[in-house]
Amino acid sequence: MAGVQQFPSGFRTDGINTDGATIHVRVGGHGPAAVMLHGFADTGDMWAPLAAAVVHDHTVVVPDLRGMGLSSHPETGYDKKTQAADVARVLDKLGVETAGLVTHDIGNMVGYAFAAQYPDRVTRWVVMDAPLPGIGPWDEILRSPMLWHFNFRGPDVERLVKGRERIYLDRFYNELSANSGSIDEATRQHYAELYARPGAMHSAFNQFAAFTQDAIDNKVFAARGKLALPVLAVGADKSFGTGMADVLRFVATDVTAAVIANSGHWLMEEQPAATIAAIRAFLDQG
């Protein structure tokens with residue numbers, strides 16, 4: 001893929017006020033809603049190829065999470081329970097009652113908090129290649145050298161990264177991919193510019209700092225019972241693989257596993273065709 005794809009013509013953007021944040025959202029299409037939530041080192045821009053594949057028969061809603069992309073950068077509210085409420089307010093403003101969820105990375109964590117708090121609003125959930133704080137092997141995951149960044153934060157860290165956002169992001173694209181060349185120069189530059197915006201890296205570090213609270217909240221959610229909605233747990237074969245489904249079975253009863261071949265963590269960038277095909281087939285079942 002050469003650079004970051006544009007959303008299809010006909011999409012509009014909006015800034016929707018929630019409790020303490022203004023969420024930048026892209027909306028287009030018609031039919032059953034599909035909400036797509038991104039993670040770290042991406043923004044909602046990552047979903048443009050998927051949006052193009054489903055827009056003819058879905059209403060596609062693509063927010064930037066609070067503090068990321070073109071959304072505002074409040075000082076607080078980076079626990080995923082609060083960010084799930086951001087998603088709910090966005091859907092309220094758009095008049096969307098129910099939706100399928102498609103999530104990746106930190107988007108998974110917001111997606112679980114959304115589905116757990118608003119189970120009647122989620123029809124099905126595609127969850128891609130990242131763990132859930134406090135769920136399953138979370139304590140073991142925290143000790144993985146590959147995930148050192150989960151506990152990398154503080155004012156000195158921010159000073160070190162400031163002005164060097166591209167260097168910092170390259171580490172993730174290079175180390176968490178199966179083939180670093182699949183994330184091209186234009187894509188890297190696009191996201192580096194967004195993460196260099198004032199407050200962006202501070203907010204991104206706060207996403208990770210909230211994991212301790214997220215783990216507490218998720219254990220409360222899980223204790224209330226498992227999600228009943230259909231879940232497609234997508235792992236990359238060079239990353240979470242079938243372990244993605246193993247994690248989701250701690251919180252959901254109807255979990256189908258899918259593994260994308262020849263990919264690392266960056267599924268939409270590394271293997272867009274196979275990833276979109278798996279998501280599309282699952283959404284069509286609904």
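1. The lining of the second largest cavity holds four nonpolar residues, one polar residue and three charged residues. In this predicted model, the residues concerned are Ile23, Pro63, Asp64, Leu65, Arg66, Gln83, Asp86 and Val87. Helix α2, residues 80-94, is the largest contributor to that lining, with three residues. The space in the second largest cavity is about 40 Å³. A search of the whole structure gives three cavities of 30 Å³ or more.

2. Next, the open sites. The largest pocket has a volume of about 320 Å³. Two elements, α3 (106-117) and α6 (165-175), each give two or more residues to the lining of the largest pocket. There are 22 lining residues, and Leu147, Leu176, Ser239, Phe240 and His265 are the ones nearest the centre of the pocket. By class, the lining of the largest pocket is made up of 13 nonpolar, five polar and four charged residues.

3. The second largest pocket encloses about 210 Å³ of space and is lined by 15 residues. Nearest its centre are Glu158, Lys162, Glu165, Gly199 and Met201. Helices α5 (155-161) and α8 (200-209) each supply at least two residues of this lining, and α5 gives the most, with four. Seven of the lining residues of the second largest pocket are nonpolar, three are polar and five are charged.

4. How many salt bridges does a search of the whole structure find? The search finds 15. One of them joins the side chains of Arg159 and Asp156, at 3.0 Å from N to O. Both residues belong to helix α5 and stand three residues apart, about one turn of the helix. Arg159 counts as exposed because its relative accessibility is 61%, over the 50% cut-off. Asp156 has a relative accessible area of 48%, so Asp156 is classed as partly exposed.

5. A salt bridge also forms between the side chains of Glu185 and Arg166, at 2.8 Å from N to O. This pair links distant parts of the chain, with Glu185 in helix α7 (residues 185-195) and Arg166 in helix α6, 19 residues apart. Glu185 is partly exposed because its relative accessible area is 47%. Arg166, with a relative accessible area of 22%, is also partly exposed, since buried means under 20%. Which residues are linked with Arg166 in a network of salt bridges? They are Asp170, Glu185 and Arg188.

6. Asp237 and Lys238 form a salt bridge through their side chains, with an N to O distance of 3.1 Å. The relative accessibility of Asp237 is 32%, so Asp237 counts as partly exposed. Lys238 is exposed, because its relative accessible area is 52%, and exposed means over 50%.

7. Asp237 and Lys238 also appear among the contacts of Ser263. Where is Ser263 placed? Ser263 sits in the loop between β8 (252-260) and α11 (267-270). Is Ser263 buried or exposed? Ser263 is buried, because its relative accessible area is 0%, and the limit for buried is under 20%. Apart from its neighbours within four places in sequence, Ser263 is in contact with Ala178, Ala236, Asp237, Lys238, Ser239, Glu270 and Gln271. One of these contacts, Ser239, is also listed among the residues nearest the centre of the largest pocket.

8. The last point is the interior. The largest nonpolar core contains 97 residues, and Phe40 and Leu248 are those with the most contacts inside it. Helix α3 gives the most to this core, with eight residues. Helix α3 also gives two or more residues to the lining of the largest pocket. With neighbours within four places in sequence left aside, Leu248 is in contact with Trp125, Val127, Leu132, Val231, Ala233 and Val255.

Key. Residues numbered from 1 in each chain as written. Predicted model: local features only at pLDDT ≥ 70, side-chain atom pairs only at ≥ 80, totals over all residues. Heavy atoms only, no water. 1 Å grid on protein atoms, 1.4 Å probe; cavity = no way out; pocket = protein on both sides within 12 Å on 5 of 7 lines; lining within 4 Å. Points joined across faces, edges and corners; volume = space filled by probe spheres on them. Nonpolar A, V, L, I, M, F, W, Y, C, P; charged D, E, K, R; others polar. Salt bridge = Lys/Arg side-chain N within 4 Å of Asp/Glu carboxyl O. Buried < 20%, exposed > 50% of the residue type's maximum accessible area, 1.4 Å probe, protein only. Core = buried A, V, L, I, M, F, W, Y, C linked by side-chain atoms within 4.5 Å. Contact = heavy atoms within 4.5 Å.
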